[in-house]
Amino acid sequence: FIIGVSSPTTSFENRVLPTSLSVSERETHLRTLGKALGSSYTLDESVIATCLAKTDQGNTTLSTVGVSSTLSDDVAAVQAVCDLARCYPRAIDLSAAATMRALVRVNSASMEVGSIVDVGASKVTVSTRQGMHLRSVRTTSGGGDDITKALAGALNISFEEAEELK
């Protein structure tokens, strides 16, 4: 199985890299550039994964590569839970990427842009794709429970009543 990771520290963005880099060389190249991928952590604290997004037909020396990163501690926590459950995932994926793949079907020649906003109890994740390629993923703290609490406070009703009203 493949398990998903989703936290406010997880980011996804596109970077233009030399086409000559192999998959195994991309991470080293990105770390050598020294430009942080996530806004709240350093490269030393991160786990990085890449996937080819597109090769520019007019320029054979550069490719657009999707780069995801998250805190090493977040991945370690997912792995620790799996170890305790005595299950061993084949991979750890971005939950938002899995949601996008599951919910969006598009003609492979189309370059239309689509987004999914996933509002959970404690976080909101926005995933955007262009054509068949994931373009961005952002997860923020705060979600449906915060809306329910705000309604309960404003209307002076219980959490349960506010949840029903929402």
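Trainee: Which element gives the largest share of the lining of the largest pocket, and what makes a residue count as lining?

Mentor: Strand E3 (46–55) gives the largest share, with seven residues. A pocket is an open set of points on a 1 Å grid over the protein atoms alone, where a 1.4 Å probe fits and protein lies on both sides within 12 Å along at least five of seven lines, and a lining residue has an atom within 4 Å of such a point. Strands and helices here are DSSP runs numbered from the N terminus (strands E, at least two residues; helices H or I, at least four). This is a predicted model, in which local features need pLDDT of at least 70 and side-chain atom pairs count only at pLDDT 80 or more, while totals for chains, interfaces and linings use all residues. Residues are numbered from 1 along each chain as its sequence is written, and side-chain values use heavy atoms, with hydrogens and water left out.

Trainee: What is the volume of the largest pocket, and which residues lie closest to its centre?

Mentor: The largest pocket holds about 630 Å³ of space, and of its 29 lining residues Phe12, Asp93, Ala97, Arg101 and Leu134 are the closest to the centre. Besides E3, the elements that each supply at least two lining residues include E2, E4 and helix H3 (95–103).

Trainee: Why is strand E4 described as largely enclosed?

Mentor: Buried means under 20% relative accessible area, exposed means over 50%, and partly exposed is in between, for a 1.4 Å probe and protein chains only. Nine of the 10 residues of E4 (residues 62–71) are buried, and therefore the strand is largely enclosed by the rest of the structure.

Trainee: How do you know that E2 and E4 pair?

Mentor: Two strands pair if DSSP finds at least two bridges between them; E2 (residues 11–18) and E4 are joined by eight and run antiparallel, so the pairing criterion is met. One of the bridge partners is Val65 in E4, matched with Arg15.

Trainee: Why is the contact between Arg15 and Glu13 called a salt bridge?

Mentor: The term asks for a side-chain nitrogen of Lys or Arg within 4 Å of a carboxyl oxygen of Asp or Glu. The closest N and O atoms of Arg15 and Glu13 are 2.8 Å apart, so the pair qualifies. Arg15 is buried at 10% relative accessibility, and Glu13 is buried at 18%.

Trainee: How many salt bridges does this rule find, and what separates Glu27 from Arg31 in helix H1?

Mentor: The count is four. Glu27 and Arg31 form one of them at 2.9 Å, N to O; because they are four residues apart in H1 (residues 23–33), about one helical turn separates them. Glu27 is partly exposed at 30%, as is Arg31 at 28%.

Trainee: What makes the pair Glu112 and Arg129 a link between parts of the sequence?

Mentor: Their side chains meet in a salt bridge of 3.3 Å, N to O. Glu112 lies in the loop between H3 and strand E6 (113–119) and Arg129 in strand E7 (residues 123–130), so the pair ties together parts that are 17 residues apart in sequence. Glu112 is partly exposed at 42%, whereas Arg129 is buried at 7%.

Trainee: Why is Cys87 in no disulfide?

Mentor: A disulfide is a pair of cysteine sulfur atoms within 2.5 Å, and the count by this rule is zero. The nearest cysteine sulfur to Cys87, that of Cys82, is 4.3 Å away, so the cut-off is not met. Cys87 is partly exposed, at 23% relative accessible area.

Technical notes: Points joined across faces, edges and corners; volume = space filled by probe spheres on them.
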